Amino acid sequence: MASDRDTAMRVVTASRALADAGQQDMVWGHVAIRDPAGRGVWLKRSGLGFDELEPDDIQLIDWSGRLLAGQGAVHLECHIHLEIQRARTDVGASVHTHSPAVNAFSALDVPLRAISHEGVLFADPPVPRAPLSGDLIWNPERGRIVSEAIGTQPACILPRHGLVAAGVDEAHAVMYAVLLEAACDLHLRAQASGKIVSFSDEDELRDKRARVWPESQLRAGYDYLVRRSSPPS
């Protein structure tokens, strides 16, 4: 089994990859990796940005939100990750960011159209939206609402708040967050120019999703972000 230090380093690496992809909002947002021993999740301490993390900045939080290992304040929104990973045993990592394009798209009452490779992951079924106010996810009850909203999907929109993404590991969770941001950004650009008339239909979505986003390509995208972000050894 991986050591605690190894797991903490995975959080650092994933966080730095998100920063490199433009998903950092100063010190807000977080990556959580499921503890290999089942004790809870590993999460950065509050008050630090993705791009400045070191392994000593990563905490182990138990399933009730208590600090088991590490130092500093625990993120108020740790309940996002605790409730998603409690409900979905297939999820090994989850991400919450304040994605600008996702926030802008969440203000529109329109479906997300697959006008790019990125969009095919989120157009059918439609990317869910959590039925919450834009306030923080500050307790387990609100965390459970997010968990129910995302269901078995790779990502969920938090209207006026950002996104949540979840995957079997941090490579998947990070890539889903990055790709949803890109899909929303392209949709907004197209809509700003006029009516969107060209986008993938149901058949193309199904076939294209399998060819464009197999495991190997999600992993390749994540590995590229990791190389670019040059995390510490």
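Student: What makes strand 4 and strand 6 the edges of the open sheet?

Tutor: In this predicted model, seven strands form an open sheet in the order 4-3-2-1-5-7-6, with antiparallel pairing. Strand 4 (67-69) and strand 6 (155-158) each have a single partner strand, so one side of each is left without a neighbour in the sheet. Neighbouring strands are turned by 25 degrees against each other on average, direction ignored.

Student: How do you know that strand 5 and strand 7 pair?

Tutor: Pairing needs at least two bridges between the strands. Strand 5 (residues 93-97) and strand 7 (residues 162-167) are joined by five bridges and run antiparallel. Thr97, for instance, has Leu163 in strand 7 as its bridge partner.

Student: What does helix 1 touch on the sheet?

Tutor: Helix 1 (residues 4-20) packs on the sheet and touches strand 1 (30-34), strand 2 (40-44), strand 3 (58-62) and strand 5. The direction of helix 1 makes about 145 degrees with that of strand 1.

Student: What joins strand 2 to strand 1, and what joins strand 2 to strand 3?

Tutor: Three bridges join strand 1 to strand 2, and these strands run antiparallel. Ile33 stands opposite Trp42 in strand 2. The two strands form a hairpin with five residues between them, and Gly38 in the turn has a positive phi of about 85 degrees. Strand 2 and strand 3 pair in the antiparallel sense over five bridges, with Lys44 opposite Ile58 in strand 3. Strand 2 is mostly covered, as five of its five residues are buried.

Student: Why is Ile157 called buried?

Tutor: Buried means under 20% relative accessible area. Ile157 has a relative accessible area of 0%, so the residue counts as buried. Ile157 lies in strand 6 and touches several residues, among them Val102, Phe105, Val127 and Leu180. Ile157 and Ala130 are 27 residues apart in sequence, with their C-alpha atoms 6.3 Å apart in space.

Student: Why is Leu136 called partly exposed?

Tutor: The partly exposed class lies between the buried limit of 20% and the exposed limit of 50%. Leu136 has a relative accessible area of 37%, so the residue is partly exposed. Leu136 is found in the loop between helix 3 (100-106) and helix 4 (140-150). With Leu76 and Trp138, Leu136 forms a nonpolar patch on the surface, with about 300 Å² of accessible area together.

Student: How do you know that Asp169 and Arg219 meet in a salt bridge?

Tutor: The nitrogen must be within 4 Å of the carboxyl oxygen. For the side chains of Asp169 and Arg219 the N to O distance is 2.6 Å, and they meet in a salt bridge. Asp169 lies in the loop between strand 7 and helix 5 (170-193) and Arg219 in helix 7 (residues 215-229), so the pair ties together parts that are 50 residues apart in sequence. Asp169 counts as buried at 15% relative accessibility, whereas Arg219 is partly exposed at 29%.

Student: What separates Arg189 from Asp185 in helix 5?

Tutor: Arg189 and Asp185 are four residues apart in helix 5, so about one helical turn separates them. Their closest N and O atoms are 2.8 Å apart, in a salt bridge. Arg189 has a relative accessible area of 55%, and exposed means over 50%, so Arg189 is exposed. Asp185, with 26%, is partly exposed.

Note on methods: Residues numbered from 1 in each chain as written. Predicted model: local features only at pLDDT ≥ 70, side-chain atom pairs only at ≥ 80, totals over all residues. Heavy atoms only, no water. Patch = residues over 30% accessible without salt bridge, like charges linked within 9 Å, V, L, I, M, F, W, Y side chains within 5 Å. Areas by Shrake-Rupley, 256 points an atom, 1.4 Å probe, with all protein chains shown as cover. Buried < 20%, exposed > 50% of the residue type's maximum accessible area, 1.4 Å probe, protein only. Axes fitted to C-alpha atoms, helices over the stretch in contact; angles between N-to-C directions. Contact = heavy atoms within 4.5 Å. Lists of a residue's contacts leave out its neighbours within four places in sequence.
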